[in-house]
Amino acid sequence: MSENKNQAFLKGAFILVIANVLVKVIGAGFKIPLTYILGEEGMGLFSTAYTIYGLLFIIATAGLPVAVSKMVSESRSLNKYKEVKLILKVSFMILSVIGILGFLVLFLFAEDFSVALNNPRAMTGIKAIAPAMIFVALMSAFRGFFQGHQDMFPTAVSEVLEALGKLLFGYGFAYYFVTSITDDTFRINFGAMGAVAGVSMGALLGFLALLIIYVLKRKELYKNVSETEKVRSGREIGKKLVLIAIPITIGASVFSLTNIIDMAMIMRRLEVAGFSASSTGLALYGSYTGYAVPLFNMPPTLISSISISVVPAIAGAFVKKENDFVSNLTQKSVKITLLFALPCAVGMSILSKPILSAVYMNTNAANTLSILAIAIVFVSLVMLTNAILQAIGKVYIPVVNMLLGGLLKIVVNYVLVANPHINICGAPIGTNLCYILILTLNIFWIVKLMRVKFSVSSFIIKPLICVAVMTAMVILSSSIVNVFVPFTGRLSSIIIVLFGVSFGAISYFAMLFVTKLVTYDDVLMLPKGEKIANYMVKIRLFKK
């Protein structure tokens, strides 16, 4: 039984991983050419508008989809199918109101937001992204509903279409304004505005996809509904949704708000360090947020699939008091996340300069990316451990931990960014320290509340051995390419990245079996796991 549940959990995560890979590829097709036509200043304006939107986006959608997913999973586990239908109806009404309010706040107060962030040129971009609030809020209701059924396909489809809409419309609008306006300032301002307008169009496409899927699957979803079933009232369901969502939203909002403060602080502290806010400071900020941060965000976004899948899986089992399954799934999900995030973090840190050269033909953000990349491990594990604590109903613990981490980040950035020798590198240092603190506190509470045991050997020593061997192979392959490849510039960087990733991945994969970090039982969790595991036994990768 638990094996089937494990497979359902990993199948859902796998579907979302594939979708997120596609989204990232599409996003690269949007963001990378965008850097060429907008430049560092334009990317600074784009990032400012998107960061403001991100705060309200978190407020509107961070908690309720998780709450919907959790409640739907619990009701289905208890065979309360009529209640599942009512949960969607109530959540849709709540999120509709939130989406409309979010739109009004962004659109009506765009000028105030841009002035407060010391970047008044971002006003038009903030207005252009405002409509996305409505469609994203409505999408969240459907996504939480389907995720509660452990059906990740609708979410995956909507994410891909949303990314495609952003690419086609955002890049199209940006290109039109940049090529048709002659004044340099207006050209950059309206180019950035066009780019963020694509976010709104993408959100509309994503919502329409979910609506169509829901209409097509409605009969199947509600085939077990009994009209005689006793259910809680809409008011009770709404109250519970809000009670679950509020602390999750606060936790996410605290960190998003910290990022807003962080952004305004970085610009001002760079001035203290001697960099002009109107040009050099904005370029440094644009280089960090427009070049380093998007690359850094790729691995955690993929790993977020595990966090999304783990909430309904653990919530459904927890409500039925299946404690052994909950403990086992917690260990497995942490292990999978760690083994995926660790090589991504170290590899991106080592290869930061050739990666930036290969992707953007711009290596100004190499130092910040090399520092920031290490945080991939901590960010990924924080996302997962937050989800685990939320799934068992301990929704306030991540709030406190995120608040403490956010405060640490502000303090570190305030001190380090103003140092002329550290300047913008202070921001990724603050990010690392922030997430290390949050992760430490989250693990403490998971061990204390759930009695989950994390082996030092399996979760620290062996993974570090594997990544150390990988690091040596990446450095060695890069050195060989530098000596023997006659090319320079972007082509050389591409070859370095390809060789480094290939040799690093092969050596890391091999070390997982040498150190016995991957076992027969681990592979059994995969769909078709028994067949795959038996084949691995046959070729002597491990013993049964």
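This briefing covers the overall build of one chain, then selected helices, loops and residues.

The model is predicted. The chain has 544 residues and a radius of gyration of 23 Å, which agrees with the value near 24 Å for a compact globule of that length. Its secondary structure comes to 20 helices and 0 strands.

**Overall build**

- Along the principal axes, the C-alpha atoms of the chain fill a box of roughly 70 × 60 × 40 Å.
- Of the 544 residues, 54% count as buried.
- Take the contacts between residues at least 6 apart in sequence: 81% of them join residues at least 24 apart.

**Surface and charge**

- The accessible surface of the chain is about 23700 Å². Carbon and sulfur atoms account for 68% of that surface.
- The chain carries 45 positive and 23 negative charges. The mean positions of these two sets are 8 Å apart.

**Helix H3**

- Helix H3 covers residues 81-108, 28 residues in total.
- From first C-alpha to last, H3 reaches 41 Å. That is close to the 40 Å expected at 1.5 Å a residue.
- The buried residues of H3 include two glycines, Gly 99 and Gly 102. Also among them are Glu 83, Ser 91 and Leu 106.
- Val 84, Ile 87, Leu 88, Val 90 and Leu 95 complete the buried set of H3.

**Helix H6 and the loop after it**

- Helix H6 runs over residues 132-148. Its 17 residues should span 24 Å at 1.5 Å a residue, and its end C-alpha atoms are 24 Å apart, so the two values agree.
- In H6, 15 of the 17 residues are buried, so the helix is largely enclosed by the rest of the structure.
- Gln 150 comes just after H6, in the loop between H6 and H7.
- The phi of Gln 150 is positive, about 55°, although Gln 150 is not a glycine.
- Gln 150 counts as partly exposed because its relative accessibility is 29%, between the limits of 20% and 50%.

**Ala 174 in helix H7**

- Ala 174 is found in helix H7, residues 153-180.
- Its relative accessibility is 0%, so Ala 174 counts as buried.
- Beyond its neighbours within four places in sequence, Ala 174 is in contact with Leu 34 and Ile 37. It is also in contact with Gly 191, Gly 194 and Ala 195.
- Ile 465 is 291 residues from Ala 174 in sequence. Their C-alpha atoms are 46 Å apart in space.

**Met 361 between helices H12 and H13**

- Met 361 is found in the loop between helix H12 (352-360) and helix H13 (366-372).
- Its phi is near 55°, a positive value in a residue other than glycine.
- Met 361 is exposed because its relative accessible area is 51%, and the cut-off for exposed is over 50%.

**Met 402 in helix H15**

- Met 402 has its place in helix H15, residues 396-416.
- Met 402 is buried because its relative accessible area is 9%, under the 20% cut-off.
- Asn 442 is 40 residues from Met 402 along the chain. The C-alpha atoms of this pair are separated by 9.5 Å.

Methods
Residues numbered from 1 in each chain as written. Predicted model: local features only at pLDDT ≥ 70, side-chain atom pairs only at ≥ 80, totals over all residues. Heavy atoms only, no water. Helix = DSSP H or I, 4+ residues; strand = E, 2+ residues; numbered from the N terminus. Rg over C-alpha atoms; globule rule 2.2 N^0.38 Å. Buried < 20%, exposed > 50% of the residue type's maximum accessible area, 1.4 Å probe, protein only. Contact = heavy atoms within 4.5 Å. Areas by Shrake-Rupley, 256 points an atom, 1.4 Å probe, with all protein chains shown as cover. Lys, Arg positive; Asp, Glu negative; His and termini not counted. Charge placed at Lys NZ, Arg CZ, Asp CG, Glu CD. Expected span 1.5 Å × (residues − 1).
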